[in-house]
Amino acid sequence: MTATPVLQLRQLARTHGSGPTEVHALRPLDLDVFPGELVAVMGPSGSGKSTLLTLAGGLDAPTSGTVTVEGTDLTTASRRDVAALRRRAIGYVFQDYNLIPALTAAENIALPRELDGIRAKKARTEALAALDEMGLADIADRFPDEISGGQQQRTAIARALVGDRRLVLADEPTGALDSETGESVLAVLRARCDAGAAGILVTHEPRFAAWADRVVFLRDGEVVDQTLRSDASALLTPGAAQ
Amino acid sequence: MSGPLSGRLTGWRAALRIARRDARRHKGRSALVLAMIALPIFGVAAADITIRSSDPSEEQQLQRDYGAADGRLSFPGVGRGERPVYQHPDGWDAVPVKKDRGGDAKQRDERPEPSDLKAVMPPGAHWLSDQRAATRVRTEHGVLRVHVRELKLADPMARGIATLLRGRYPKTTGEVAATQAFLDSSGLRVGSTLRPVEGGRAYRITGAYELPGSLNNKQLSALPGAMIRTDGSKPNDGVDRLGYLVSVPGAYTWDMVKETNTHGIVVTSKAVLLDPPPESEVPFYRKSPGMRPGAYEPTSDQALVLTIAVTVVGLAILEICLLAGPAFAVGARRQRRQLGLLGAQGGDRRHIRSVVLSGGLVIGVAAAVLGLALAIGATALARPLIEERLHTRFSSFDLPPLELAGIAGLAVLTGLLAALFPAIAAARQSVLSSLTGRRGVRRSSRVLPIVGFIAIGVGVAIAIAGATLTDRVEVVGIGSGIAELGLVALTPFLVGLFGRLGRILPLSPRLALRDAVRNRGRTAPAVAAVLAAVAGSVAVATYTASVDQQRRDEYAPSAPHGVVSVQMERGTGRTADRVGDAVEQNLKTTGRADVGHLSVGGVTCGGLSGGGSKCGGATVVVPEGNDCPLHYGGDEKLSAAERQKMMKSWQCNPPQTPHIPMMAGMDVLVGGTDVLKALGVQDRQAYAALERGHAVSFTQRYIKDDRITLAVFKKEQDYYNADDGDPDTTKKADRTIPLPAHHLRGQDEIYGVNVLLPPAAVTKAGLDHQNFGAYFRTDRLPTDAETQALSSAFNELNVNPILHVEKGYKSDSNNVLLALTLFAALVTLGAAGIATGLAQADAEPDLRTLAAVGAGTRVRRTLSGLQCGLIAAMGVVLGSIAGLIPAIGLRKAEERRKLADYAETLGNGWGGEPHIPIAIPWETLAGLLLVVPLGAALLAALVTRSRIPLLRRGEG
């Protein structure tokens, strides 16, 4: 892949505490995610999967290293710029509680656009289009507690990609779903990446990781393995694992 | 729209939408905060509407006063007809143009005839006779004094003065109409016959009406000449006020008024009242410059009222913010995940703040709408009740738009202010910790305690300076206020101090305390809210209780508790025995002690005059050395120290005179041992002395060497000129009589009695005596019905004696203290309850952990009960301390002022040493310190669900 990566992590590390209570949540790692690519991150509990994702999305600041999203270095950007970047470039999907209960499905999708100052009407039109694309047009005016878990997660994915956002960070998006619904949600995510988005999927189920182009294995904050879905022996970014 | 502004607005729109829906989703919490803000708004708005509606405009007031007439003519009596006057533009005062030579007293009662008026009135004028007086009429219950207005109310010129309710206005001189207030009070009805006490005529009541501006006015209306006599026989009491309503073509201008003044007639003109002439055109002001408008403007009072109002409103907003703030903090805490999601979607701090602030805005607006709607609705519904209570009809249902908008704005402001700190706190949380539900313990501000300490220091210094260096009560008030705000700022720090108690407590209270201390952010506002409310209540309660104690100490009873005393008015003493009988017949008495006075010049001579000029009088002389040397200028030889010492001596500290003493001004009462018994005298020697024919002196003032001296005057004038303390009294007297006497000791109260003489001693001294009253002992206080029956018995005897039932000191502050305790208790419960709700929202993970390690379900109840009780306890302890200090400071400042006055008057030889006690309202304090925290704890424990909700995975 010769295109510019949407997400570029360089020597990214995160340490909690200091001295005897020091915990290395993530040891220095490099990772690029290109447009149209879906990367799965796997590993046992406490391996640093979620830390990787929160750092990539600018929800947490690294101890060292850089995070570059669409050419902007999050580690040097102001808090406000990082928030703006989340509105315009990064989309999050969590395991549950993804949607704001006080807003309808359409309003949830329109939220980042509205926060960004887009007129409510235009934001809603975009949201409806996104829902339609997901085959969810009929739930537009329902509240999160009135729709199923699968519909909620698909709405969350739609929200994560509304506007010009090209980076989806999904943290166990299928964790609270049955396997069939989980597969359908993953299908949607895969389709969005095929359409040009870049995605990171944190999961501990190999079944779901199979939807990714690449799988990164973490243990104790370190990348222990990276495999192509098609060719497990090839490492895309040499030097990252060791 | 585009650009940063439109972006901001769009962001706010989304925030408002979330807040609105959240408010609807959490109905309980929203309703609580809504009620907290809407209730005061309701009260203020209702008061505003009531005041504005009941306060008539100037035109409306003039219509109520003068109907459709253009004005009213009156005759000031300073110069009528021939003698011109200058009048005040309002018509309430006038002076003669030339100096009055007197002799016009007779003219006051003269009433100008319409034919006289014709010559002096402007052409085309009409007038309507309008005369007012007071008279007494018989009612179903007795006799009532009423106002009479002789005005043809049915005339178009009088329209607007009264409203006819039933029947019709009188058409003949044998008819009257009556106000509803009169009918209600008298028991008479439309159609009844009305009989004045004097005059012998009877009238039929043909109608009921009301005066819109004074619904409680007991008034009768009759045709001119029907009731008020002006022929000099005057069956009406009160001063008659003659006048005419007058109507002219156009308006009664100031020039016309001045023209009318030249005939000695004063005009109150509507046109002039509405548009007063310039000062230069009012000759009256030249004669009475003090009456100029603006000569006296009580602006300082207005400023004071404004200051108090602003302070009260400010404190109320602070209190509501402190109470509602934690509720918003609960909201923000419960929506933490939601706010985290908002952050994850790109919401920055501004967006998070605006979501929480929008909550305040939504509730504030809802409270404004609800409060105003309730106020308008309730005022409209309760209008008849309010009108009856205020004794005035609403002139209109007035909804002042600016004021109501201001009140609504206050509600919105309160909502926003209450949400401000939770909003800032929520925005400070990192998105990650919001999302993962990690509970970081927020360190409380380091600046706040310093500010608090400084404010307390400065406030206390000002208060102490106010109490010790000056006597200015307001300085103490300001100082206390600053110190109290400082204490509020210091609350987080103080809450931290409480945490040290944790080590010695068992598990549940330890957990509750630690939790409260670790989460000062939510504990402190609740404790501060309790503190502020309790401090205010305790301060007022302590001050009230102290003033009450002072009044109790200063109260001088007229007789022991339950004793009824009756005494005749001047010169009517001869019926005293029959009056006494009437008391015994109508009240349940257990003993009677007749009391008499000395008569000099024959039995018919009354002690307080009434016998005529041949009567004299007798007084007890104060022996030398018994009088206060500071009186009569005898203190000039004394140094200040001696004077001060003397001030404290018994000579200069006479016992308090009760409000209604037996025969005020009389030194000597004549009576037997039954009087001693009625007055509860225990001294057996006093009984023996009286039986031996000796006098009993209740005070040391009159007795010396076991003797008292009576000075007898044959002439009434000499008697009146005599002064018991004057050393020359014995020389001026026609005769002096020394009598053996016993000094009554061991008596706390002497009930205003100075010397009691047995009848035998009076006779032996060659004097007469006559009963004028009596004391009656009772087992219980007379009922209202018994007292009314006695009044009617007195009526039948045609006497009007002074009846007094000694009920002891009646405190009127009990209700105040109770109301304050309840207010503080309510605020405490509210604040503690809200903070407990907040604590519970936070404590879920702890409770799950507790359950996991085997704690029973009761732990949850116990914990929330203790959390609630703890907050209440911390608040009331700090609040009580904070409240006692300013109250004591205020009393000390008062004492200082009184002492300064005392020092100043010391040289004058009068004025007692000030007594400014400080009473601690123990009942109020006990209620607040013990009952309220316990109640709060129990209530919280009772309403808490003991089931622990299922665990949901919150971390990614």
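# Notebook: a predicted two-chain model

**Chain A, overall.** I began with burial and found that buried residues make up 56% of the 242 residues in chain A. The model is a predicted one, and I read every entry below with that in mind. For secondary structure I counted seven helices and 10 strands in chain A. I then looked up the contacts in chain A between residues at least 6 apart in sequence, and 67% of them join residues at least 24 apart. The exposed area of chain A is about 9,800 Å², and carbon and sulfur atoms supply 49% of that.

**Sheet in chain A.** Next I traced an open sheet of four strands in chain A, with the order S2-S1-S4-S5 and antiparallel pairing. Strands S2 (23-33) and S5 (72-73) of chain A are at the edges; each has a single partner strand, so one side of each lacks a neighbour in the sheet. I checked the S5(A) end in detail. Strand S4 (residues 64-69) of chain A pairs with S5(A) over two bridges in the antiparallel sense. The bridge partner that I noted for A:Val69 in S5(A) is A:Thr72. I also looked for what lies across this sheet. Helix H1 (residues 49-56) of chain A lies across S1 (7-16), S2 and S4 of chain A, and it runs at about 120° to S1(A).

**Salt bridge in chain A.** I looked up A:Asp194 and A:Arg190, whose side chains meet in a salt bridge at 2.8 Å, N to O. The two residues are four apart in helix H6 (residues 179-194) of chain A, which means about one helical turn separates them. Which partner is buried and which is exposed? A:Asp194 has 53% relative accessibility and counts as exposed, whereas A:Arg190, with a relative accessible area of 9%, is buried.

**Chain B, overall.** I repeated the overall look-up for chain B. It has 956 residues, of which 48% count as buried. I counted 29 helices and 23 strands in chain B. Among the contacts in chain B between residues at least 6 apart in sequence, 80% join residues at least 24 apart. The accessible surface of chain B is about 46,500 Å², and 57% of it belongs to carbon and sulfur atoms.

**Strands S1 and S13 of chain B.** I then turned to a strand pair. Strand S1 (residues 71-74) of chain B runs antiparallel to S13(B), and four bridges join the two. For B:Gly71, the bridge partner in S13(B) is B:Ser269. Strand S13 (residues 266-269) of chain B is covered on both faces: B:Val266 and B:Thr268 are buried on one side, B:Val267 and B:Ser269 on the other. From strand S1 of chain B I picked B:Ser74. B:Ser74 counts as buried because its relative accessibility is 16%, and the cut-off for buried is under 20%. Leaving out residues up to four places away in sequence, B:Ser74 touches B:Leu242, B:Ile265 and B:Val266.

**B:Arg389.** I looked up B:Arg389 in helix H12 (residues 383-390) of chain B. At 72% relative accessibility, B:Arg389 counts as exposed. I also noted its separation from B:Leu215: 174 residues in sequence, but 9.1 Å in space, C-alpha to C-alpha.

**Nonpolar patch on chain B.** I searched the surface for nonpolar patches and noted one of about 540 Å², made by B:Val877, B:Ile881, B:Ile885, B:Leu929, B:Leu930 and B:Val931. Helices H28 (858-906) and H29 (922-943) of chain B are the elements that give two or more residues to this patch. I checked B:Ile881, which is in helix H28 of chain B. B:Ile881 is partly exposed, at 49% relative accessible area.

**Salt bridges elsewhere.** Over all chains, the search of the whole structure gives 33 salt bridges. Side chains of opposite charge can pair when their charged atoms come close. Which side chains does B:Arg592 meet in salt bridges? One is B:Asp581, at 2.8 Å, N to O. B:Arg592 lies in strand S15 (residues 589-599) of chain B and B:Asp581 in helix H19 (residues 576-586) of chain B, so this pair ties together parts 11 residues apart in sequence. The side chain of B:Asp594 also meets that of B:Arg592 in a salt bridge, at 3.1 Å, N to O. B:Asp581 is partly exposed at 32% relative accessible area, and B:Asp594 is partly exposed at 25%. My last look-up was a network of salt bridges that links A:Arg87, A:Arg88, A:Asp116, B:Asp348 and B:Arg350.

Note on methods. Residues numbered from 1 in each chain as written. Chains lettered and ligands numbered in written order. Predicted model: local features only at pLDDT ≥ 70, side-chain atom pairs only at ≥ 80, totals over all residues. Heavy atoms only, no water. Patch = residues over 30% accessible without salt bridge, like charges linked within 9 Å, V, L, I, M, F, W, Y side chains within 5 Å. Areas by Shrake-Rupley, 256 points an atom, 1.4 Å probe, with all protein chains shown as cover. Salt bridge = Lys/Arg side-chain N within 4 Å of Asp/Glu carboxyl O. Buried < 20%, exposed > 50% of the residue type's maximum accessible area, 1.4 Å probe, protein only. Contact = heavy atoms within 4.5 Å. Pairing = 2+ DSSP bridges. Axes fitted to C-alpha atoms, helices over the stretch in contact; angles between N-to-C directions.
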